[in-house]
Amino acid sequence: GTRIGGNPTTGQPDAMYRNVIAGNYSDGIEIAHSPYVIETTTPPQSYPTEDTYIIGNYIGTNARGEVLNRSGTSLTGGNGSNGVTLEDAVRAVVIRGNVISGNGDNGIRLWSRITDSEITENKIGVAEDGVTPLPNGISLDPYQNYARLRKGRHGIYIIGDSQRNKIINNTIAHNKGYGVLINNGYTEYQAQETRATDYNTISRNSIYNNGDWDYFNAIPKPPREFPYAEPELNNGIKFKDQGGDLPNLGIRPPTITAAYLDRVRGTACNNCAVEVFIANPSGVANARGQGAVFKGSATADASGNFIIAISGMAAGELITATATDAEGNTSEFSVNATVEGRNDPGIGTPNPTPTTIPTATQAPTATMATTIQPTPPPPTSRPEDDDPLPPSPTATMTATTQPTSSPPATPTLVTA
């Protein structure tokens, strides 16, 4: 696909400028390696890889944001590995308004010290219509089967000391693994290398129907524990501990003590922001369902108690919740509660709405569009290196625009 070091903008909101990035063997887009060193200059020049914008692209689909019918390394012909990878200490990346679906591994993967980045208003695991399933994590390529199982098949995967990232107002659905997996390890399989993957905020997303356990059971697994989706109906937001400590400082989900047609009551961490959702349609009571439809929010009081006003609920529907503390750590979803067919008979005033609801950064407008050519198939031999995929032929071009708030443009190396 495209490998970028520096701070260009890829795509823009207007559809006529959107890029179609699909059919590549490896990642669709990789933003990596900060600082990025250009060794062909004298002396070599070093640039931070930051303030990068990925806006309004189709990543893993055709130009209509639908399934890409192509035989190859994945069932739909999407990119063979991740839709988007951020890697190696890049920061302040905005991924907004993209369709990121039909890719072989994760929709988006944040690996190794990714900070202060925003993932907003994307459709991850669905087509452009926001409804039709087009999951990430669908590759059955035997060449990469072992590596894919290790790296994951999730909507969004955050790992390796990545901090202060925001996931806001996305649709994350139908992915074969978790909707969002946060892993406190440095790599997916080295439990001794625990890292502080903390302060990551997940707010007001529509997360549902992630985790296809039957699909995973059909794939041979190496004799090692990997971050699969699990038959515990906790596939919306999942914390994985590798070495003892949970990510996001181990923040606990709220407890819903009562759910009525007009209010939700419960307890959470003191002074934490609580968001309530209609639980995943396939969820069941007493499971930790996925939050499909955002219904309301409030700030718990100093003792952790909350009352949240809601509307439009029906008796028997399931509701779930998350908690976010003042440092930006968001919890997993709570255990589902069943809505009673009556209004709240108790007393008390609903808690105030949080005063620090996360908002996305305004992205600049790009003035160039990029055509991405599929990369040829890799060698048939398996690489010895544990993480990178086989190399492919490279090409070089120079970005001609920068975000308007950035310093004057500097050469940016883009490898297709």
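# Disulfide and cores of a predicted model

Biologist: Is Cys269 buried, partly exposed or exposed?

Modeller: In this predicted model, the relative accessible area of Cys269 is 24%. Buried requires under 20% and exposed over 50%, so Cys269 is partly exposed.

Biologist: Which residue does Cys269 join through a disulfide?

Modeller: The whole structure holds 1 disulfide. Its sulfur atoms lie 2.0 Å apart, and the partner of Cys269 is Cys272.

Biologist: Is Cys272 buried or exposed?

Modeller: Cys272 has a relative accessible area of 2%. The limit for buried is under 20%, so Cys272 counts as buried.

Biologist: What is the handedness of the disulfide between Cys269 and Cys272?

Modeller: Handedness follows here from the torsion about the S-S bond. For Cys269 and Cys272 that torsion is about -120 degrees, so the disulfide is left-handed.

Biologist: Which strand gives the most residues to the largest nonpolar core?

Modeller: The largest nonpolar core has 48 residues, and Val84, Leu86, Ile95, Ile108, Ile156 and Ile319 have the most contacts inside it. Residues 273-279 form the strand that gives the most to this core, with 4 residues: strand 24.

Biologist: How many residues are in the other core, the one with Trp111?

Modeller: That core lies apart from the largest one, and includes Trp111, Tyr157, Ile159 and Tyr178. Its number of residues is 5.

Biologist: What share of the contacts between residues at least 6 apart in sequence joins residues at least 24 apart?

Modeller: The protein has 2 helices and 30 strands, and 58% of its 416 residues count as buried. Of the contacts in question, the share joining residues at least 24 apart is 77%.

Key:
Residues numbered from 1 in each chain as written. Predicted model: local features only at pLDDT ≥ 70, side-chain atom pairs only at ≥ 80, totals over all residues. Heavy atoms only, no water. Core = buried A, V, L, I, M, F, W, Y, C linked by side-chain atoms within 4.5 Å. Buried < 20%, exposed > 50% of the residue type's maximum accessible area, 1.4 Å probe, protein only. Contact = heavy atoms within 4.5 Å. Disulfide = S-S within 2.5 Å.
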